[in-house]
Amino acid sequence: MTTRHRSTAMVAAERSPSAPRLAADSSPSIHVVRARQLLLGGLAGGVGAAVLALALYTVLDGTRGLASEALASAMVLFFYG
């Protein structure tokens, strides 16, 4: 066995997926946690705005306004998530 072959085998063993992982590697980073919080906050704000818009357009334009705003809000929230 040559020296090059042995070093390649050692490198392959180090990359093995069965190598033990640290417990800290399994938890999401602080950036992932913050991004999820911001996404949930944006979703909550979007739902709140949709409810207010539904009420406003229903008062201003009746059933037609309700249907129009419901469709618009559904599309916005669908493409957000």
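The following conversation goes through the helices, the exposure of residues and one aromatic pair in a predicted model.

Mentor: This is a predicted model, in which local features need pLDDT of at least 70 and side-chain atom pairs count only at pLDDT 80 or more, while totals for chains, interfaces and linings use all residues. Residues are numbered from 1 along each chain as its sequence is written, and side-chain values use heavy atoms, with hydrogens and water left out.

Trainee: What makes up the secondary structure of the protein?

Mentor: The protein has two helices and zero strands, where helices (H or I, at least four residues) and strands (E, at least two) are DSSP runs numbered from the N terminus.

Trainee: How do you know that H2 is not a straight helix?

Mentor: The expected span is 1.5 Å times one less than the number of residues, which for a straight helix of 51 residues gives 75 Å, yet H2 spans only 23 Å between its end C-alpha atoms. H2 also bends by about 145° at Asp-61, the bend being the angle between axes fitted to the seven residues ending there and the seven starting there. In addition, the C-alpha atoms of Ala-72 and Ala-50, which are 22 residues apart along the chain, are separated by 8.8 Å.

Trainee: Why is Ala-72 called partly exposed?

Mentor: Buried means under 20% relative accessible area, exposed means over 50%, and partly exposed lies in between (1.4 Å probe, protein chains only). Ala-72, which lies in helix H2, has 29% relative accessibility and therefore counts as partly exposed. The buried residues of H2 are Ala-50, Ala-53, Gly-65, Glu-69 and Ser-73, and of the 81 residues of the protein, 6% count as buried.

Trainee: Why is Leu-43 called partly exposed?

Mentor: Leu-43, placed in helix H2 (residues 30–80), has a relative accessible area of 34%, so the label partly exposed applies to Leu-43.

Trainee: Why is the pair of Phe-78 and Phe-79 called edge-to-face?

Mentor: Rings of Phe, Tyr and Trp (its six-membered ring) pair if their centres lie within 6.5 Å, and planes under 30 degrees apart count as stacked, over 60 as edge-to-face and the rest as tilted. A search of the whole structure finds one aromatic pair; the rings of Phe-78 and Phe-79 have centres 5.2 Å apart and planes at 75°, so this pair is edge-to-face.

Trainee: What makes Phe-78 and Phe-79 count as exposed?

Mentor: Phe-78 counts as exposed because its relative accessibility is 61%, and Phe-79 counts as exposed because its relative accessibility is 65%.
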